[in-house]
Amino acid sequence: MVNYLIDTNFQRQIIFALIATILGLFGNAAKAEHGEQTWAQAQKSVVVVNPVWPGYDRRGFGAPKGTAPAGSGIYFSIDGAKESIFIITAAHVVTAAKSIEIIDFSGNVATAIIHAIDTRRDIAILRTELIGTGIAVRQDEPLIGSHVCALGNSFGLGTGMTCGIVSAVQRSNIGFNDIEDFIQTDAAVNPGMSGGALVDPQGRLVGLIDGIFTKEADIDAGVNFAISVPLIQQSLASQLKVGVQF
């Protein structure tokens, strides 16, 4: 009888230890994953980008074939300042536009102009008088399998967020741009999200949303690409080298 009681107590201790371990593991995982804090940290930096195309007077009409009538952009600052008048977006969103309108997270509307453009990497810099919050930037490469979220203007509905994981890094020779260094993600990306932000759980930028890999329809297929931070920084450095001021 005594031996039985000792064994039972020992078993209970093991069970409690296992439960504590499992709860600890889940607790740590929860802290590492995306959630409301991701949105709270990043959404103030993301804007809707509405180009007006040649031959039209209203946004949303006349976009070139294969180009969404609207897009997204991200306030950024080269010197790390909290506020900025510069917005980074995908070049294909604005290259042919005759005018550009942006809408920030509070619904404020302003005009923007193309300040610099890098068509080889599909990166454009816009300038606006509407001051915004520069996004925090993650300097190290995200790990495959780590959580990320995509913020952008999906289907022109306004800025929203979808989440997934990093599927691959350093993807190139995909065929979108002349110079490529993509982060691949399965976070849902749809037309209108080009130029939006791919962020880590802390809301730090890891990539500029750029392309959807699908040959049948222009909808999310779970294989989506964002221009990596190193390639963005390379593009900005090349702009500075030729005298562009930020």
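Is aspartate 140 buried, partly exposed or exposed? Keep that in mind while we wander through this predicted model; the stop for it comes later.

**The whole chain**

Start with everything shown as a cartoon. You should find four helices and twelve strands. Of the 246 residues, 43% are buried. Switch on the surface and you're looking at about 13,000 Å² of exposed area, with carbon and sulfur atoms supplying 56% of it.

**The barrel**

Now select β7, β8, β9, β12, β11 and β10. In that order, these six strands make a closed barrel with antiparallel pairing. From one strand to the next, the twist averages 45°.

Zoom in on β8 (residues 160-171) and β9 (residues 182-185): they run antiparallel and are joined by three bridges. Pick valine 166 and look across to β9, where threonine 185 stands opposite.

Next, add helix α4, residues 229-241. This helix lies across β11 (205-212) and β12 (224-228), and its angle to β12 is about 45°.

**Aspartate 200 and its company**

Select aspartate 200, in the loop between β10 (197-199) and β11. Its relative accessibility is 1%, so it counts as buried. Show the side chains around it: beyond its neighbours within four places in sequence, aspartate 200 touches Thr38, Arg138, His147 and Val206. Then add arginine 204, whose side chain makes a 2.7 Å polar contact with that of aspartate 200.

Stay here and click arginine 138. Its salt bridge with aspartate 200 has the closest N and O atoms 3.4 Å apart. The two come from distant parts of the chain, 62 residues apart: arginine 138 belongs to the loop between β6 and β7 (147-152), aspartate 200 to the loop between β10 and β11.

Arginine 138 also meets aspartate 140 in a salt bridge, at 3.1 Å from N to O. Here's the stop promised at the start: aspartate 140 has 47% relative accessibility, so it counts as partly exposed. Arginine 138, at 14%, counts as buried. Select Arg138, Asp140, Asp200 and Arg204 together, and you have one network joined by salt bridges that share partners.

**One last salt bridge**

The structure holds five salt bridges. For another of them, select arginine 120 and aspartate 178, whose closest N and O atoms are 3.8 Å apart. Arginine 120 sits in the loop between β5 (109-118) and β6 (123-133) and aspartate 178 in the loop between β8 and β9, so the pair ties together parts 58 residues apart in sequence. Colour by accessibility to finish: arginine 120 is partly exposed at 47%, while aspartate 178 is exposed at 62%.

Terms used
Residues are numbered from 1 along each chain as its sequence is written. This is a predicted model: local features need pLDDT of at least 70, side-chain atom pairs count only at pLDDT 80 or more; totals for chains, interfaces and linings use all residues. Side-chain values use heavy atoms; hydrogens and water are left out. Buried means under 20% relative accessible area, exposed over 50%, partly exposed in between (1.4 Å probe, protein chains only). Accessible areas come from the Shrake-Rupley method with a 1.4 Å probe; for residues, only the protein chains shown count as cover. Two strands pair if DSSP finds at least two bridges between them. Axes are lines fitted to C-alpha atoms, for helices over the stretch in contact, and angles run from 0 to 180 degrees between N-to-C directions. Contact means heavy atoms within 4.5 Å. A polar contact is a pair of N or O atoms within 3.5 Å; within protein, one must be able to donate a hydrogen and the other to accept it, and residues adjacent in sequence count only if both atoms are side-chain atoms. A salt bridge is a side-chain nitrogen of Lys or Arg within 4 Å of a carboxyl oxygen of Asp or Glu.
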